[in-house]
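Q: Got a minute to walk through a structure with me? I'd like to go through it piece by piece.

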Amino acid sequence: MGAYLTILGYNSAIPTVKSSPTAQFLEMDERCFLIDCGEGTQVQLRKAKAKFSKINHIFISHLHGDHCFGLPGLIASFRLLGRDQELHVYGPKGIKKMLETIFEITETHRGFPIIYHELEGDLSQKVYEDDKLEVWTIPLDHRIYCNGYLFKEKPKDRRLNMVEISKYSEIEICDYHNLKRGKDFVLSDGYVLKNEVLTTDPEPPVSYAFCSDTRFKEDIIPIIENVDLLYHESTFLHDLKEMADYTGHTTAKEAAIIAQRAGVKKLILGHFSNRYADLTVFTDEAREYFPNTFLPIALEPVKV
């Protein structure tokens, strides 16, 4: 299936006619994740033709409105759509109080359980894991507590070389699992068939790093090193670095330096200040330091 990122919104605090606040839909190994949920996310999900029922895990970076004000409405819509399976919400400590207060005051009845995973601490931690992938926090430096998220596939099984396997009648379908896991096969006469003869190398695992609102923070580099795709906020150009530092944000130049030093394959910028009418100035600045930099295109799936 592969992994695909659909950027639903990439604007900073104030929505515009052409862009929405931060929200992303990530499909990886047949799992669907929502990353941040600014206002208008429901509409963007509809436009992206994403199935609401497939979203079982929502990751919120921080509790500024342009990253989470769409969440109460989305959860209310889940109920109206007949949802009954549990929903996992990951976010800073306080996200449970925020949502449950809204639900109480508005008398919103969910009809399904919400499992909160409240985060605190300034070290990267694993917050999700299944048999195919895991998710780690990326501690950031914003005006309030904030995390990015790293989505990593686990090493994949080796691929069967059916041309070679068909030469040996002793190898049965029930043996395929062990072969995929890298084990040799021993014939009845004791001869050992090496795994590398019976299989080929697996597809390399893919990884995606989402770095939301943050000041320039070099110590995230070891966490995101060599990722296939990095989304990094770049609210300002570097001539406004002083303002970026004051407001807890990064410049396009700084985002590119992070990408370059981390050895990532591709960088997408986002979270642009509304003061910029022409967004190509961001890639112009960033590509001087990291050529493989791109602007986001809302609702267009990008292969990770």
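Q: What phi does Glu107 take, just after H4?
A: A positive one, about 55°. Keep in mind that this is a predicted model.

Q: And H4 itself, which residues are buried there?
A: H4 covers residues 95-105, and its buried residues are Ile95, Leu99 and Phe103. They span an arc of only 55° around the axis, so they sit on the same side of H4.

Q: What do the buried residues of H4 pack against?
A: Helix H3 (71-80), strand S5 (87-92) and strand S6 (114-119).

Q: Which exposed residues are on the face turned away from the buried side of H4?
A: That face carries Lys97, Glu104 and Ile105.

Q: Switching to the sheet: what order do the seven strands come in?
A: The order is S7-S8-S9-S14-S15-S16-S17, in an open sheet with mixed pairing. At the edges are strand S7 (126-129) and strand S17 (293-294), and each of these pairs on one side only.

Q: How much of S9 is buried?
A: Six of its seven residues are buried, so S9 is mostly covered.

Q: How is S9 joined to S8, and do they run parallel or antiparallel?
A: Antiparallel, with seven bridges joining strand S8 (residues 133-139) to S9. One of the pairings is Pro139 with Asn147 in S9.

Q: How many bridges join S9 to S14?
A: Four, between S9 (residues 147-153) and S14 (residues 207-211), and these two strands also run antiparallel. Phe151 has Tyr208 in S14 as its bridge partner, and Lys152 stands opposite Ser207.

Q: Ser207, then: buried or exposed?
A: Buried, with a relative accessible area of 10%; the cut-off for buried is under 20%.

Q: What is Ser207 in contact with, leaving aside its neighbours within four places in sequence?
A: Leu150, Phe151 and Lys152 are on the list, along with Asn226, Val227, Asp228, Leu229 and Val304.

Q: Now cysteines. How many disulfides does a search of the whole structure find?
A: Zero. Cys32 is in no disulfide, and the nearest cysteine sulfur, that of Cys37, is 15 Å away. A disulfide would need the two sulfur atoms within 2.5 Å.

Q: Is Cys32 buried or exposed?
A: Cys32 is buried, at a relative accessible area of 8%.

Q: What about Cys211, how far away is the nearest cysteine sulfur?
A: 9.2 Å, and that sulfur belongs to Cys146, so Cys211 is in no disulfide either. Cys211 is buried, with a relative accessible area of 0%.

Q: Ile220 caught my eye too. Where is it found?
A: Ile220 is in the loop between S14 and helix H8 (221-224). At 1% relative accessibility, Ile220 counts as buried.

Q: Which residues is Ile220 in contact with, again leaving aside neighbours within four places in sequence?
A: Cys211 is one of them, and the others are Ile138, Pro139, Leu140, His232 and Ile258.

Q: And how far is the C-alpha of Ile220 from that of Ala256?
A: The two C-alpha atoms are separated by 13 Å, with the residues 36 apart along the chain.

Q: Last topic, charges. How many salt bridges does a search of the whole structure find?
A: 19. One of them joins the side chains of Asp157 and Arg181, at 3.0 Å from N to O. That pair links distant parts of the chain, 24 residues apart: Asp157 is in the loop between S9 and strand S10 (159-160), and Arg181 is in the loop between helix H6 (176-180) and strand S11 (185-186).

Q: Are Asp157 and Arg181 buried or exposed?
A: Asp157 is partly exposed, with a relative accessible area of 35%, whereas Arg181 counts as exposed at 54%.

Q: Which residue does Asp184 form a salt bridge with?
A: Lys194, with the closest N and O atoms 3.8 Å apart. Here Asp184 sits in the loop between H6 and S11, while Lys194 sits in the loop between strand S12 (192-193) and helix H7 (195-198), 10 residues apart. Asp184 is partly exposed at 37%, and Lys194 is partly exposed at 43%.

Q: Which residues do salt bridges that share partners join into one network?
A: Lys126, Glu129, Glu134, Lys152 and Lys154. Lys152 is the residue that stands opposite Ser207 in S14.

Terms used: Residues are numbered from 1 along each chain as its sequence is written. This is a predicted model: local features need pLDDT of at least 70, side-chain atom pairs count only at pLDDT 80 or more; totals for chains, interfaces and linings use all residues. Side-chain values use heavy atoms; hydrogens and water are left out. Buried means under 20% relative accessible area, exposed over 50%, partly exposed in between (1.4 Å probe, protein chains only). The arc is that of the directions from the helix axis to the C-beta atoms. Contact means heavy atoms within 4.5 Å. Two strands pair if DSSP finds at least two bridges between them. A salt bridge is a side-chain nitrogen of Lys or Arg within 4 Å of a carboxyl oxygen of Asp or Glu.
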